[in-house]
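Please find below a short note on the model, set out as numbered points for discussion.

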Amino acid sequence: MSASTRYSYWAAQSLVLMIASGCGPSTSIDPAKSSAQTSSAAPVSNPPTQGNTERMVRIPGGEFWMGGPPQTSMTAIQESLTPGEPVCSGLLQGFPDAAPTHRVRVDPFWMDTHEVSNRDYARFVEATGYITVAERALNPADFPGADPALLVPGSVVFVAPSEPVALNNPFQWWRYLPGANWRHPEGPQSSLTNRFDYPVVHLAYADAEAYARWSGKRLPTEAEWEFAARGGLDQKGYPWGDDLMPKGHWQANVFQGRFPDSDTAADGFKGCAPTGQFAPNGYELYDMAGNVWEWCSDWYRPDTYHQASLPLTLNPSGPPDSFDPDEPGIPKRVHRGGSFLCSVQYCSRFLIGSRGKGAIDTGSLHVGFRCVRSP
Ligand SMILES: [Ca+2]
């Protein structure tokens, strides 16, 4: 079912994403169907690491201001732009789904220091035979009237246009590529050669959850993720503080240059980077901004924070269901952290309090994850 929605979504060219906000795609695909059905196709067994906290750090828990990002950080980015340069409208209008900032407490937990890598995920697949959503065959019965030749498994890949384009149509840089999946991140001609230390991508939510279960872990709640990303700092714009580029140096793998056609790689990386290429935050966590978006376990709603308990919300795990007015009927979970495609021109959601969202049956080239474990 999930595969069908992937196909029909792109075939219908009905991508909505976050065009209205001017902020970039946490690629969502699927017009109408739940993908709670996208549970693992293969048995998930032989967990080798139950109780293991290797490559994890203990996050102490505590209270923090959740949401944002702070206006000072957004203003600072605006002032750094060249006159006439496009700007993510979120920087001008704010991020309504990340408001209001509210007080939250989370209990201690353990978190992966790095995003789950291709090497990690390959180990899981080798042990279990798991087949990801993007690799599963499409059932013609789910597509009455569709050309069977077009019902080919695949996923969503960023393909940079050859020239400048208007930023109002993400189909100019996102394509559904048959054969794209975690083993072939940029399409069937690509492979994992020299990419085993890169974050695994093209995973639907169920694919990430299956790995987490197998490893004796779980996906983080959005509150846990944000608390951890802040690294002990309070109400800052980034995991490392308030300055986007301390001493002129990039602290995360995002997108510089003219989006989407000209990535100057001023941060050292054009496209995705191996995990852990930048300094960790105060909790020794790497890549809590940029590189790839990370799945969280909360359902996405834009009004979640308006429902927060006052004066303090304890261990929030999100709303009971999903609703995105941009794409009603498509169940979505939260994405956090932004990606290598986040740009101040189009998507500035590497800012720490901002939020992303993704249809649960859909991965893409810039969505990955990491896991947590309760004590
Ligand atoms: Ca980059």
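The points that follow concern two sheets and one loop residue.

1. The model is predicted, and the remarks below should be read on that basis.

2. One open sheet holds four strands in the order E12-E11-E9-E13, and its pairing is mixed. Strand E12 (356-359) and strand E13 (367-368) lie at its edges; each has a single partner strand, so one side of each is left without a neighbour in the sheet.

3. Within this sheet, strand E11 (residues 332-336) pairs with E12 in the antiparallel sense, over four bridges. The residue of E12 that stands opposite Val-334 is Lys-357.

4. A further open sheet is made of three strands, ordered E2-E3-E10, again with mixed pairing. Its edge strands are strand E2 (62-66) and strand E10 (313-314), each of which pairs on one side only.

5. Strand E3 (residues 102-106) and E10 run in the parallel sense and are joined over two bridges. Thr-313 in E10 is the bridge partner of Val-104.

6. The loop between E10 and E11 contains Pro-319. Is Pro-319 buried, exposed or partly exposed? Pro-319 has 14 other C-beta atoms within 10 Å; because a residue counts as buried at 20 or more and as exposed at 12 or fewer, Pro-319 is classed as partly exposed.

7. Pro-319 also meets residues from elsewhere in the chain. Leaving aside residues up to four places away in sequence, Pro-319 touches Trp-299, Arg-301, Thr-304 and Gln-307. Asp-298 is 21 residues from Pro-319 along the chain, and the C-alpha atoms of the two are separated by 7.0 Å.

How values were computed. Residues numbered from 1 in each chain as written. Predicted model: local features only at pLDDT ≥ 70, side-chain atom pairs only at ≥ 80, totals over all residues. Pairing = 2+ DSSP bridges. Contact = placed C-beta atoms within 7 Å.
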